[in-house]
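I opened this model to look up a handful of local features. My notes follow in the order I took them.

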Amino acid sequence: MAKKEKSFEDTLWDSCDELRGSVEPAEYKHVVLSLIFLKFVGDKFEERRKEIIEEGHEKFVDQPSFYMSKNVFYLPKKSRWSYIMENAKQDDIAIKIDTALSEIEKNNKSLKGALPDNYYSRLNLDKAKLASLLDEINKINTLKDKENDIIGRVYEFFLKKFALAEGKGKGEFYTPKSVVNLIAEMIQPYKGKIYDPACGSGGMFVQSVKFVESHNGNRNDISIYGQENIRTTYKLAKMNLAIRGISADLGESEADTFFKDQHKDLKADFVMANPPFNQKKWRKEDELTDDERWSGYDTPPTGNANYGWILNIISKLSSNGTAGFLLSNGSLSGDGVEYSIRKKLIENDLVEAICILPMNLFYTTDISVCLWIVTNSKRERIKEINGQEVKVRNHEKETLFMDLRNYGSPYEKKYLEFTKKDINEISSIYHTWLTNKENYSNIDELCYSASSDEIVKNNYLLVPSTYIKYKNPEIEVEIDKEILTINDELQKEWNINTDLKNKLQSIIEDIENEIR
């Protein structure tokens, strides 16, 4: 019986095993990612080098232009993976890895600020363990699956394993490819400016370009803008885009989108985003109170950044712009300031569609999340859909609600992903509603087109099960109640904390009075 080939994930885990004892778990992914990058660009270089020779142009194998024309980095000898492996057992291998990364960045402007600087030398890794790690990574065929976002997949895997240990927030993770594909198929970012205010490892951009190319579009018809707050993730995004020849403006450096907006004047045709969910303490009470991004709305509450992200996204849309972004389900029914902002969004007729997604789509959180689609152009217009110019009907004062919890197929035991068939069915319903009202009809347990009047009657709730008809409505009512109960419990917890703080302050004042 033939020996079963190790999975990509198993090989990575073996790589981590080699690090234990000499590197903290929080460093694992950073150590491995740059080596994966070296292996990937090395494999691409060798693949292109072979093509040049087979084409009869052997005398040009050291001409950088012959590589750059195919979006492949030309690598000097000491930056090639083959050179790294030839020297893997040498005492100075850490220095050689740092030198290789430095030379690649120096000779490729698109990688400026993307690669680590003297990282491996500073780590003081055990030489034998580093050599063994290189051997494990050398087993990975980075070119085997050309459809996969290899660097993003690596990042997602490591976050899955170490997010809890590192204490990371639930919002900081790579968005699965099938979810990004769903957003792309719905909002159809063919031409114009694409923006992601919390771009992570750049997965939204990678899949957007693939979407354009898979529909026979031209990647040169789109321009990409993004921002990321975490330095290592910002570097990863630049790395991830550069190896695919994707040009992007991610700002001069990593920065907080709320406090250092690096695209202040941007008006994007499309926004695709998966910002951190339920970010607490994202601003202080006296900060950003008069920010122009929430002009005309109440200032988003300090205890949760969800509506800060919504208003930031809306502020970046062009007059005909459309956005598709993910948030926690709590964003659909929050009270207080969130209610006030949501009410204004409905009054301004910006919410085009709300979709509830299944649980277990993400590695680092198992909660059900929702997809918002907002737009400045519900009026009748021409839009490019599936590569064709289509007349979009006037659907002012209407919002499409979809419940997608019955979609998704299992993979890797407990996780789900949308299949191509799922995505086609979902996007087809949305586009039929968008372009051809006569052929659209509400479907029980799946979709419902609600008028603004209906939403007003339901106190501006955007929970899809409030509008979609179900065969067993009692179950859905219980789900709605559970969502609202969770929000109430969070508010109660906040009130309890405030009461405890006040009581503690009172006790301190009593003690001080007694001392006096």
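I count a residue as exposed when its relative accessible area is over 50%, as buried when it is under 20%, and as partly exposed in between. The model is a predicted one.

**Entry 1: positive phi**

I began with Asn216. At 76% relative accessibility Asn216 is over the 50% cut-off, so I put it down as exposed. Its phi is near 60 degrees, a positive value in a residue other than glycine. I placed Asn216 in the loop between α10 (203-214) and β2 (222-226).

Next I looked up Asn118. This residue also is not a glycine, and its phi is positive, about 50 degrees. Asn118 sits in the loop between α5 (93-106) and α6 (119-123). Is Asn118 exposed, partly exposed or buried? Its relative accessibility is 43%, so I noted Asn118 as partly exposed.

**Entry 2: nonpolar cores**

I then turned to the largest nonpolar core, which has 52 residues. Which of them touch the most other members? I wrote down Leu182, Met186, Leu357, Leu371, Met402, Leu404 and Phe418. Helix α9 (residues 177-187) gives this core its largest share, seven residues. Another core lies apart from it, with 46 residues. Leu12, Ile36, Trp81 and Met239 are among the members of that other core.

I followed Phe418 further and left aside its neighbours within four places in sequence. Its contacts include Ser178, Val179 and Leu182. Leu357, Pro358 and Leu361 are also among them. I found Leu404, Tyr407 and Gly408 in contact with Phe418 too. Ile423 and Ile426 complete the list.

**Entry 3: helix α14**

Ile423 and Ile426 took me to α14, where both are buried. The other buried residues I listed in α14 are Asp422, Ser427, Ile429, Tyr430, His431, Trp433 and Leu434. I also checked the length of α14 (residues 420-435). At 1.5 Å a residue its 16 residues should span 22 Å, and the end C-alpha atoms are 22 Å apart, so the two agree.

**Entry 4: cavities**

Last, I looked for enclosed space. How many cavities of 30 Å³ or more are there? I counted one. The largest cavity holds about 40 Å³ of space. Which residues line the largest cavity? I noted Val41, Lys44, Asn71, Val72, Phe73 and Ile243. Four residues of this lining are nonpolar, one is polar and one is charged.

Terms used: Residues numbered from 1 in each chain as written. Predicted model: local features only at pLDDT ≥ 70, side-chain atom pairs only at ≥ 80, totals over all residues. Heavy atoms only, no water. Core = buried A, V, L, I, M, F, W, Y, C linked by side-chain atoms within 4.5 Å. Buried < 20%, exposed > 50% of the residue type's maximum accessible area, 1.4 Å probe, protein only. Helix = DSSP H or I, 4+ residues; strand = E, 2+ residues; numbered from the N terminus. Contact = heavy atoms within 4.5 Å. 1 Å grid on protein atoms, 1.4 Å probe; cavity = no way out; pocket = protein on both sides within 12 Å on 5 of 7 lines; lining within 4 Å. Points joined across faces, edges and corners; volume = space filled by probe spheres on them. Nonpolar A, V, L, I, M, F, W, Y, C, P; charged D, E, K, R; others polar. Expected span 1.5 Å × (residues − 1).
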